[in-house]
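Hi everyone, thanks for coming. I'd like to walk you through a structure that may be new to you, so please have it open while I talk.

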Amino acid sequence: MGIEIRGINKKFGDFVALENVNLSIPSGQLTALLGPSGGGKSTLLRIVAGLETSDSGNVEIEGNDTTNIPAQKRNVGFVFQHYAAFKHMNVEKNIAFGLEIRKRPKDEIKDRVQELLKLVHLEQFAHRLPSQLSGGQRQRMALARALAIEPSVLLLDEPFGALDAKVRKELRSWLRRLHDEVHVTTVFVTHDQEEALEVSDSIVVINEGRIEQVGTPDELYDEPASDFVLSFLGPVTRLGDHLIRPHDIAISRYEHAATANGPITRWTRVGLEIRLEVTPDDVLHPEPVQVVVTRAEARALGLHPGDRVWLRPQVGALMTPPH
């Protein structure tokens, strides 16, 4: 059954945070709420959790109307960006806390905690305090604590936002593997496009309190419903009258039928990629065109900063209609 969100509206004073939001989140899926800061995604997550009250509309979780049910009775696991750990309790006690306040039998608590410690790879850190863990380890502990109560849904609000890029990448791969093991309906908020594309089964793009598009990562990337979705799910540039992704532009050092031509005015190497700016000679479109090639492609083409090049869309490239 998953989560059903119908007609949700929310204002903070004169600011419209959410406007007539309708959304079905299938049971067992990992769904990303993706959008810019202030777009409404965290507000929607908090309304589902019961931490925020909507002005109108309904929320159902696994077939139960939870709109007016307090957060603590919704059987929802919630993980914040900041770990919110009990600093005076060790890892084992932090994970056990939700079960203890529900007065579960001690043997059941012990078995469940050991199962979760193994699941999140923290067995050897069971007796450490949160302050003795790395940021990634603390977030894994927070996920284990949220899963301990066997929630109907797991809600994650920018769970890796406070971590450095390398740890973020490791943890999002781990989150995908974890979800494939536990299969709990999971919704996570992020403004990181790569994170959403890599981890989720489905992405909900939210902007200015409204849903722009819902679909699989491939559907949103290959068939964006609007210029906003196209530009938000990866880099775009303008070639002639069209928006196009930089890696979808064919580049040549030799004159041929092309949409634009001009010198390479900027050359930036980032790992295996080389990111170019080409400034067209066309006075009507003087804005630099962004082009991405691999280092091997640049060598094969004999490209150098300052070279004059000719640009055209690759065969099958995704482009917006001309404006």
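Let me start with a bit of vocabulary: two strands count as a pair if DSSP finds at least two bridges between them. Strands themselves are DSSP runs of E, at least two residues long, and helices are runs of H or I of at least four, numbered from the N terminus. Before we go further, this is a predicted model, so keep in mind that local features need pLDDT of at least 70 and side-chain atom pairs count only at pLDDT 80 or more, while totals for chains, interfaces and linings use all residues. Residues are numbered from 1 along each chain as its sequence is written, and side-chain values use heavy atoms, with hydrogens and water left out.

Okay, the sheets. One is an open sheet of 6 strands, and reading across you get β6-β7-β8-β3-β9-β10, with mixed pairing. At its edges stand β6 and β10 (210-215), each with a single partner strand, so one side of each is left without a neighbour in the sheet. On average, neighbouring strands here are turned by 15° against each other, direction ignored. For angles in general, axes are lines fitted to C-alpha atoms, for helices over the stretch in contact, and the angles between N-to-C directions run from 0 to 180 degrees.

Zoom in on β7, residues 153-157: it runs parallel to β8, and 5 bridges join the two. Look for L156, which stands opposite F188 in β8. Now, what packs on this sheet? Helix α1 does, touching β3 (30-34), β6, β7, β8 and β9 (202-207), and its direction makes about 150° with that of β7. By touching I mean contact, heavy atoms within 4.5 Å. α4 packs on the sheet too, touching β6 and β7, at about 170° to the direction of β6.

On to the other sheet. This open sheet has 4 strands, ordered β2-β1-β4-β5, and the pairing is antiparallel. Its edge strands are β2 (15-25) and β5, each of which pairs on one side only. Between β1 and β2 there are 7 bridges, and F12 has F15 in β2 as its bridge partner. Those two strands form a hairpin with 2 residues between them, and G13 in the turn has a positive phi of about 65°. On to β4: 5 bridges join β1 to β4, with I5 opposite V59. Then β4 (residues 56-61) is joined to β5 by 2 bridges, and I61 stands opposite N64 in β5. And here's α1 (residues 41-49) again, packing on this sheet as well: it touches β1 (3-12), β2 and β4, and its direction makes about 120° with that of β1.

Next, helix α3. With 14 residues (106-119) at 1.5 Å a residue, it should span 20 Å, and its end C-alpha atoms are 20 Å apart, which agrees. That expected span is 1.5 Å times one less than the number of residues. Which residues of α3 are buried? They're I109, R112, V113, L116, L117 and L119. Seen down the helix axis, they fall within an arc of 155°, so they line one face; the arc is that of the directions from the axis to the C-beta atoms. The face turned away from the buried side carries the exposed residues D107, K110, D111 and K118. Buried means under 20% relative accessible area, exposed means over 50%, and partly exposed is in between, with a 1.4 Å probe and protein chains only. What covers that buried side includes α2 (91-101), α4 (135-148) and α5 (165-182).

Now the nonpolar cores. A core is a set of buried Ala, Val, Leu, Ile, Met, Phe, Trp, Tyr and Cys residues joined through side-chain atoms within 4.5 Å. The largest has 44 residues, and I95, L154 and L175 touch the most other members. α4 gives the most to this core, 7 residues. Apart from it lies another core, of 23 residues, among them I47, V59, V187 and I206.

Last stop, backbone angles. Most residues other than glycine have a negative phi. N75, in the loop between β5 (64-65) and β6 (76-79), has a positive one, near 55°. At 28% relative accessibility, N75 counts as partly exposed. H183 also has a positive phi near 55°; H183 is exposed, at 52%, and lies in the loop between α5 and β8 (185-190).
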